[in-house]
Amino acid sequence: MKICKVVGSVWATKKDVKLEGAKLMIVMPLYGGQGDPLIAADYVGAGIGERVLVITGSTARFVSAKEGAPIDASIVGIVDSIEIAENEKENFSEVDL
């Protein structure tokens, strides 16, 4: 599971039938060397600017109600707060916290 920030949304009028009804969001990983942005299916109603919990890989498609949906990243939670131990804060940037 990754903590990411929602940075945008994707609109696709033509897509696989198993993606119909799925809200697609652009998320940027916050920790662990950042990484490239991901397109994630949103199942919790996240908005741009929110920090979210994202699952990736084959388990991400299990969140979808449609069996076999072509999903490799899903937003499964909205982060309310993050608490980091004082001695670990040097591993995180101010932007992340």
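Two strands count as paired here when DSSP finds at least two bridges between them. E3 and E5 pass that bar with two bridges and run parallel, and in that pairing alanine 41 has serine 74 of E5 as its bridge partner. One thing to keep in mind for each view: this is a predicted model.

**View 1. The whole chain is a five-strand barrel.**
Let's start with the overall fold, which has five strands and zero helices. In sequence order that simply reads β-β-β-β-β. The strands close up into a barrel in the order E1-E2-E3-E5-E4, and the pairing is mixed. Ignoring direction, neighbouring strands of this sheet are turned by 55° against each other on average. Of the 97 residues in the chain, 29% are buried. If you take the contacts with a separation of 6 or more, 55% of them link residues 24 or more positions apart. The chain exposes about 6200 Å², with carbon and sulfur atoms supplying 53% of that area.

**View 2. E1 is bridged to both E2 and E4.**
Zoom in on E1, which spans residues 2–10. Six bridges tie E1 to E2, and the two strands run antiparallel. Within that pairing, glycine 8 sits opposite isoleucine 26 of E2. E1 also runs antiparallel to E4, this time with four bridges. There, lysine 2 faces valine 54 of E4.

**View 3. Isoleucine 26 sits in E2, opposite isoleucine 39.**
E2 (residues 23–29) and E3 (residues 38–42) run antiparallel and share five bridges. Isoleucine 26, in E2, stands across from isoleucine 39 of E3. The two isoleucines are 13 residues apart in sequence, yet their C-alpha atoms are 4.7 Å apart in space. Is isoleucine 26 buried or exposed? Neither, really: isoleucine 26 is partly exposed because its relative accessible area is 24%, and buried would need a value under 20%. Once you skip neighbours within four places in sequence, the contacts of isoleucine 26 are Lys5, Val6, Val7, Gly8, Ser9, Val10, Pro37, Leu38 and Ile39.

**View 4. Serine 74 is a buried residue of E5.**
Here we move over to E5 (residues 73–78), where serine 74 is found. Why is serine 74 called buried? Its relative accessible area is 0%, and the cut-off for buried is under 20%. Leaving out neighbours within four places in sequence, serine 74 touches Ala40, Ala41, Tyr43, Leu53, Val54, Ile55, Ala60 and Val63. Ala41 on that list is also the bridge partner of serine 74.

**View 5. Aspartate 42 in E3 is buried and reaches a backbone nitrogen.**
Aspartate 42 belongs to E3. With a relative accessible area of 7%, aspartate 42 counts as buried. What does its side chain reach? The side chain of aspartate 42 comes to 3.0 Å from the backbone nitrogen of valine 44. Setting aside neighbours within four places in sequence, aspartate 42 is in contact with Lys23, Met25 and Ile75.

**View 6. Ten residues make up the largest nonpolar core.**
As a bit of background, nonpolar side chains tend to be buried together in soluble globular proteins. In this model the largest nonpolar core consists of Cys4, Val6, Met25, Val27, Ala40, Ala46, Val52, Val54, Ala73 and Ile75. E1, E2, E4 (51–56) and E5 each put in at least two of these residues. A second core, separate from this one, has seven residues, among them Leu19, Leu24, Ala69 and Ile71.

**View 7. Valine 54, one member of the largest core, up close.**
Valine 54 is one of the ten residues of the largest nonpolar core. Which residues does valine 54 touch, not counting those up to four places away in sequence? They are Met1, Lys2, Cys4, Val27, Ala73, Ser74 and Ile75. Among these, Cys4, Val27, Ala73 and Ile75 are also in the largest core. Lys2 is the residue that stands opposite valine 54 in the E1 and E4 pairing, and Ser74 is the buried serine from View 4.

Key: Residues are numbered from 1 along each chain as its sequence is written. This is a predicted model: local features need pLDDT of at least 70, side-chain atom pairs count only at pLDDT 80 or more; totals for chains, interfaces and linings use all residues. Side-chain values use heavy atoms; hydrogens and water are left out. Axes are lines fitted to C-alpha atoms, for helices over the stretch in contact, and angles run from 0 to 180 degrees between N-to-C directions. Buried means under 20% relative accessible area, exposed over 50%, partly exposed in between (1.4 Å probe, protein chains only). Contact means heavy atoms within 4.5 Å. Accessible areas come from the Shrake-Rupley method with a 1.4 Å probe; for residues, only the protein chains shown count as cover. A nonpolar core is a set of buried Ala, Val, Leu, Ile, Met, Phe, Trp, Tyr and Cys residues joined through side-chain atoms within 4.5 Å. A polar contact is a pair of N or O atoms within 3.5 Å; within protein, one must be able to donate a hydrogen and the other to accept it, and residues adjacent in sequence count only if both atoms are side-chain atoms.
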